[in-house]
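Dear colleague,

Please find below the structure that I am handing over to you. My findings follow directly after it.

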Amino acid sequence: MEQRDFEARLREVKARAEGNWRTILESIGVEPKVLNKRNQPCPACGGTDRFQYTDKYRHGDYYCRGCGPGDGFRLAEMALGLSFMEAFKQVEAVVGKPVAAAMAGSPAPSAEKMRVLARRIWDEAQPVTAGDEVDRYLTNRGLKMGKYPNVLRFHQGLGYFVKEGGKSKKVGEYPAMLACVQGPDGLAVTLHRTYLQDGRKADLPDVKKLLSSGINGAAVRLFPVAEELAVAEGIEKSLAVHLATGKPVWPALNCGNMEKLWIPESVKRLGIYGDNDADKAYDGQAAAYALARRVKKEARRRGSSIQVDVHIPKAAGDDWEDVWVRRVARTRMAA
Ligand SMILES: [Zn+2]
């Protein structure tokens, strides 16, 4: 990694972590007691009451009369026995990496530029309302709602781009469903777009796109969460699970991100609704159980407990949207 790239990453991670250090440190395994702001033994140099976590400058600050002051990275190093680089990487994994560097050879748009672009697209769009293209699309899939989550929006004509010789070329405009992707700190990381046409997904090679890759644990927070949360892979599957169970559901957007998904510490019951990919390579099941395992381990390290249930549809190739759609069809036939 180039020094310059690293400095940019460090700046980004610091900015995202500011004011969130207690949660971050706990989620990477620092004991809550160390962070209770009371005088106590220092995790590095011992004693009885020489250490105090203050978070004075919102950078995870502490003061120790034995070994001096430091910030959250230093505290993670001391408390967990990590090198600076290890501590940095763990913190980065929690707060999310800067919006991805683009492909090799073409200049990477800066995270800031990407956020400005995401913001502009978001502002051009409107809340989803009855009769618009997003409502038609979701209704056609059996997922109509009286009121849609405000992290979903309808864009009338979003540019569709393809890469050609390293350059992005606009090949058309389509209505689109936008979803705001938020990192653990609540900041919008990027947008997810689903291109639509005539009430269904547009016939395009990349009909679903993230504005940038590498979302690293960020989620579309479709519903507010408290003690209970459910997660599923896609937006449509998540809406299906919500309609079937009434639970708040967050989509992880893809298998890879499901494993890494950030789960708030307030959650005491987690339901993971995975795909049955037994007809392929079991990716859906693997991601669901990997998340379950990680969340369980993190809770144990924190000294708290969480109930985690993994739900996989019975039939190979099924996901929960398939199951929901069949159930609705049966109800309609019965009526
Ligand atoms: Zn000390």
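Val181 stands opposite Thr190 in β8. This pair belongs to the antiparallel ladder of strand β7 (residues 167-182) and β8, which seven bridges join in this predicted model. The two strands form a hairpin with five residues between them, and in the turn Gly186 has a positive phi of about 90°.

Strand β8 (residues 188-197) has further partners. With strand β10 (residues 208-210) β8 pairs in the antiparallel sense over three bridges, and there Arg193 has Lys209 of β10 as its bridge partner. Strand β9 (residues 200-201) also runs antiparallel to β8, joined by two bridges; Gln197 stands opposite Arg200 in β9. β8 and β9 form a second hairpin, with two residues between them, in whose turn Asp198 has a positive phi of about 50°. As to burial, β8 is mostly covered, since eight of its ten residues are buried.

On the overall layout, the chain is divided into domain 1 (3-95), domain 2 (111-210) and domain 3 (228-334). The centres of domain 1 and domain 3, taken over C-alpha atoms, are separated by 32 Å. Between these two domains, six residues of domain 1 are in contact with five residues of domain 3. On the domain 1 side, helix α2 (residues 21-27) gives the most, with three residues. That side has two nonpolar, three polar and one charged residues.

Two open sheets deserve a description. One has four strands in the order β1-β2-β3-β4, with antiparallel pairing. Its edges are β1 (40-42) and β4 (68-70); each has a single partner strand, so one side of each is left without a neighbour in the sheet. The twist from one strand to the next averages 40°. Strand β3 (residues 62-64) pairs with β4 in the antiparallel sense over three bridges, and Tyr63 has Pro69 in β4 as its bridge partner.

The other open sheet also has four strands, in the order β12-β11-β13-β14, with parallel pairing. Here the edge strands are β12 (249-251) and β14, each of which pairs on one side only. Neighbouring strands are turned by 20° against each other on average, direction ignored. Strand β13 (residues 269-273) and β14 pair in the parallel sense over five bridges, with Leu270 opposite Val308 in β14. Helix α7 (residues 235-245) lies across β11 (228-232), β12 and β13, and runs at about 170° to β12.

Is Tyr289 buried or exposed? Tyr289, which lies in helix α9 (residues 283-302), has 17 C-beta neighbours inside 10 Å and therefore counts as partly exposed; 20 or more would be needed for a buried residue, and 12 or fewer for an exposed one. From Thr54, Tyr289 is 235 residues apart in sequence and 37 Å apart in space, C-alpha to C-alpha.

Finally, a word on confidence. The mean pLDDT of the chain is 87, and 93% of its residues reach 70 or more. Confidence is lowest in helix α5 (residues 111-124), at a mean of 79, and highest in strand β14 (residues 307-311), at 97. Over residues 97-109 the pLDDT is below 50, although this stretch has 21 contacts in the model beyond near neighbours in sequence. Where pLDDT is low, the predicted coordinates should not be read in detail.

With kind regards

Conventions
Residues are numbered from 1 along each chain as its sequence is written. This is a predicted model: local features need pLDDT of at least 70, side-chain atom pairs count only at pLDDT 80 or more; totals for chains, interfaces and linings use all residues. Domain bounds come from an automatic or database domain assignment. Two residues are in contact if their C-beta atoms, placed from the backbone, lie within 7 Å. Ala, Val, Leu, Ile, Met, Phe, Trp, Tyr, Cys and Pro count as nonpolar, Asp, Glu, Lys and Arg as charged, and the others, Gly among them, as polar. pLDDT is the predictor's confidence in each residue, from 0 to 100. Two strands pair if DSSP finds at least two bridges between them. Axes are lines fitted to C-alpha atoms, for helices over the stretch in contact, and angles run from 0 to 180 degrees between N-to-C directions.
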